[in-house]
Amino acid sequence: MTEGRYRLIGSTASPYAIKLRALMRYRRIPFDWVIMTKALRKATEHLRPNLIPVLQYPDGTYRGESTTLAYDLEMRHHERSVIPDDGPVAFVCDLLEDLADEWAVKLAAFEPHAERFGLIDNAVWRGFDVAKTNGPRCIRASRGPTSSSLRRISDTHQFCLGIR
Ligand SMILES: N[C@@H](CCC(=O)N[C@@H](CS)C(=O)NCC(=O)O)C(=O)O
């Protein structure tokens with residue numbers, strides 16, 4: 001591993017990996033993007049839950065769970081933080097992140113390209129069965145009041161929260 005750099009082990013089919021990649025790019029934290037391989041699966045098999053993405057730290061250790069990783073990176077790097085300074089706004093930011101983590105990926109399964117990227121298969125394999133069980137509920141939620149207010153905000157402001 002290149003000295004002093006992180007290795008973000010993921011897949012372009014994983015929204016969580018892409019989220020963390022976008023975050024690290026925005027925060028200008030040096031990292032190498034690596035696709036998960038059989039050998040890396042073996043090297044990271046001790047992680048629980050054993051999912052993508054995995055971040056290999058500069059000291060060689062592997063860690064998972066994108067949100068926990070994002071918060072850990074906040075502790076380790078201070079430039080270009082993504083956490084609002086204001087406490088209550090930071091709380092709302094955390095809620096939105098959690099909401100998007102739980103639901104946005106399910107909605108992504110309805111995107112025109114979902115099948116091509118294997119999102120539906122992945123979701124069904126993981127036991128979510130998005131398309132059959134939660135489909136109508138996901139669609140209703142995506143058109144509900146929270147999401148339309150967010151859309152209205154984002155039409156007029158560049159960001160839902162904060163000024164940058
Ligand atoms: N809460 C986890 C969720 C990660 C997750 O569900 N990853 C999916 C890919 S999007 C996964 O690893 N699926 C099984 C696999 O690809 O082996 C996180 O935020 O990192």
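These are my notebook entries on a predicted model, covering the chain, the ligand shell, helix H1 and strand E1.

**Entry 1. The chain as a whole.**
I began with the secondary structure and recorded seven helices and four strands. Reading from the N terminus, I noted the order of elements as β-α-β-α-β-β-α-α-α-α-α. I then looked up burial, and found that 13% of the 164 residues in the chain are buried. For contacts with a separation of 6 or more, I recorded that 60% are between residues 24 or more positions apart.

**Entry 2. The shell around the ligand.**
Which residues come nearest to the ligand? I found 11 residues around the ligand, and of these Ser-14, Tyr-16, Leu-51, Ile-52 and Ser-66 come nearest. By class, I noted four nonpolar, five polar and two charged residues in the shell. I also looked up the helices that contribute to the shell: helix H1 (15–26) and helix H3 (66–76) supply at least two residues each.

**Entry 3. The length and burial of helix H1.**
I turned next to H1, as one of the helices that supply the shell. I checked its length against the value expected at 1.5 Å a residue: the 12 residues should span 16 Å, and the end C-alpha atoms are 16 Å apart, so the two agree.
Which residues of H1 are buried? I listed Ala-17, Lys-19, Leu-20 and Met-24. Viewed down the helix axis, these buried residues fall within an arc of 160°, and I therefore take them to line one face of H1. I set beside this the general rule that an α-helix has 3.6 residues a turn, so residues three or four places apart point the same way.

**Entry 4. The surroundings of H1.**
What do the buried residues of H1 pack against? I recorded strand E1 (6–10), strand E2 (31–35) and H3 as their partners. On the face turned away from the buried side, I found the exposed residues Ala-22, Arg-25 and Tyr-26. Following H1, I noted Arg-28, which has a positive phi, near 55°.

**Entry 5. Strand E1 and its pairing.**
Is E1 mostly covered or mostly uncovered? I found E1 mostly covered, with four of its five residues buried. I then looked up its pairing with E2: the two strands run parallel and are joined by five bridges. Within this pairing, I noted that Leu-8 stands opposite Trp-33 in E2. E1 and E2 thus appear twice in these notes, as paired strands and as elements against which the buried residues of H1 pack.

Definitions and conventions. Residues numbered from 1 in each chain as written. Predicted model: local features only at pLDDT ≥ 70, side-chain atom pairs only at ≥ 80, totals over all residues. Buried ≥ 20, exposed ≤ 12 C-beta atoms within 10 Å, placed from the backbone. Contact = placed C-beta atoms within 7 Å. Near = placed C-beta within 6 Å. Nonpolar A, V, L, I, M, F, W, Y, C, P; charged D, E, K, R; others polar. Expected span 1.5 Å × (residues − 1). Arc of directions from axis to C-beta. Pairing = 2+ DSSP bridges.
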